[in-house]
Amino acid sequence: MEQLLVPSLPILRGRMLPLLKHCCAFGTHHLLTWGSIFQTSGREQKQIRSWSAQCSANYDRASVPEKDSPLKNLTLHDNSLLDARILYCTSPALGHNKEAHPESNKRVPAIVDALEKLELSPKHRGSQVLEIQNFNPASLDDVARVHSKSYITGLEKAMSKAADEGLILIEGTGPTYATETTFQESLLSAGAGITLVDSVVAASKLGPNPPLGFALVRPPGHHAVPRGPMGFCVFGNIAVAARYAQHQYGLKRVMIIDFDVHHGNGTSDAFYDDPDIFFLSTHQLGSYPGTGKIDEVGQGDGEGTTLNLPLPGGAGDYAMRCAFDEAIAPSAQRFKPDIILVSAGYDAHALDPLAGLQFTTGTFYMLASSIKQLAKELCGGRCIFFLEGGYNLQTLSSSVANTFRAFLDEPSLAAQLDDPAMLYEEPTRKIKEAIAKAKGIHSL
Ligand SMILES: [Zn+2]
């Protein structure tokens, strides 16, 4: 691998800081639209006032530093990195919300609550589990490595219209919505991933077992395409982090594993012709957005570095164990990544309302544990998870908690979290056929 360029303290760059303190200053509401892309959705002032209150509380606590302040709160000392087993950042995007929308601002707080209840939080774990707070948003340059400048500036300009309207919908995208805070909160979520790249890479220079990273962020990112938002996603958080890892640290070969129930079409689009980024997606056959067919393998120089494994409805723990052993692990072993990034969507859970796979908290534990081991074998343990989907708050939060248990090498909590009565028999013949086909296409 190339020599790593790692600062002795992990978070030293002074990135541009949007004025988050103004994020909750909702103005009067006028009927406005942004070109033909955004359409108005009616006014939701009452709801927004309540988000505004939550948003203020959040940012008072988070105290994102001003542009010219030293980043003294951001640094983790070497000893902290040596002791830590998990580093995580939260970006709940409380102002980015739409009534009755499944991608709601309750998602990250629900996870934080579950970590607390299951004694997996820093309060219970001391130096084992560290939350990095007060991290910087991504810079516009960071985001522009993935997204077109016209999209980024267009979204920024749309914020004043969102402020007037309360909320705008983006046509034909899932639907994806935006509020006045969407631009800034999305930059913060992308910044969480960048911060974790900094910290995990720094830790990997100190010892052979760096902590796992987890960006507990929203809006999610893997559907956002280079030229726009899509499928509840605004900026491709994981794609931005992948480009950053390459650019900042010379981590040339990046493997992205996406086990969200939906195809990560945005990530795929960003890297479809790139031979240095291997994108592997498992998803439910026929689910949104309809891309990710098994014969989509990349193009040009990137032919062969995209692997899609659509799974039949009802696929669950058996399917993913086979997929890991027969497709994910051998692909990673052949590709030899310098870092593994994971689009961790939890909407493949059997009780998730948006899809029809049958993962359990035990499945997510198995995936986390196996991917952790893979990263240890192949890339010095450098591995960061990014929250994508997951819309049943209870199964989302318990599944993330069980992921943390796997990161800590502690026994799975599946026996207490999963109800076997929720499951039915997996379609094993179709599962075997799909995996065999993917193996054939990719000569695994
Ligand atoms: Zn999803």
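**Helix H3, strand E11 and their surroundings**

In helix H3, which covers residues 107-117, the buried positions are Arg 107, Val 108, Ile 111, Ala 114 and Leu 115. These residues sit on the same side of H3, because the arc they cover around the axis is only 120°. Among the elements that cover the buried residues of H3 are strand E2 (86-91), strand E6 and helix H12 (393-407). Just past the helix, Glu 119 has a positive phi of about 55°.

All of this comes from a predicted model, so a word on confidence is in order. Mean pLDDT for the protein is 85, with 82% of the residues at 70 or more. Residues 1-74 are another story: pLDDT stays under 50 there, although the model has 126 contacts beyond four places in sequence for them. Where pLDDT is low, the predicted coordinates are not something to read in detail.

Strand E6, already met as part of the cover over H3, spans residues 212-217 and runs parallel to strand E11, with three bridges joining the two. Within that pairing, Gly 213 lies opposite Ile 384 of E11. E11 also pairs with strand E10 (residues 339-344), again in the parallel sense, and here there are five bridges. Ile 384 turns up once more in this second pairing, as the bridge partner of Leu 341.

As for E11 itself (residues 383-387), five of its five residues are buried. Side chains in a regular strand alternate between the two faces of the sheet. In E11 both faces are covered, with Cys 383, Phe 385 and Leu 387 buried on one side and Ile 384 and Phe 386 buried on the other.

The link between E10 and E11 involves a helix: together with H11, the two strands make up a right-handed β-α-β unit. H11 takes in residues 361-378, and its length checks out, because 18 residues at 1.5 Å each should span 26 Å and the end C-alpha atoms are indeed 26 Å apart. Plenty of names appear on the list of buried residues in H11: Thr 361, Thr 363, Phe 364, Tyr 365, Met 366, Leu 367, Ala 368, Ile 371, Lys 372, Leu 374, Ala 375 and Leu 378. Just after H11 comes Gly 380, with a positive phi of about 60°, and then the chain enters E11 at residue 383.

Technical notes. Residues numbered from 1 in each chain as written. Predicted model: local features only at pLDDT ≥ 70, side-chain atom pairs only at ≥ 80, totals over all residues. Helix = DSSP H or I, 4+ residues; strand = E, 2+ residues; numbered from the N terminus. Expected span 1.5 Å × (residues − 1). Buried ≥ 20, exposed ≤ 12 C-beta atoms within 10 Å, placed from the backbone. Pairing = 2+ DSSP bridges. Right-handed = clockwise from strand over helix to strand, strands pointing away. Arc of directions from axis to C-beta. Contact = placed C-beta atoms within 7 Å. pLDDT = per-residue confidence, 0-100.
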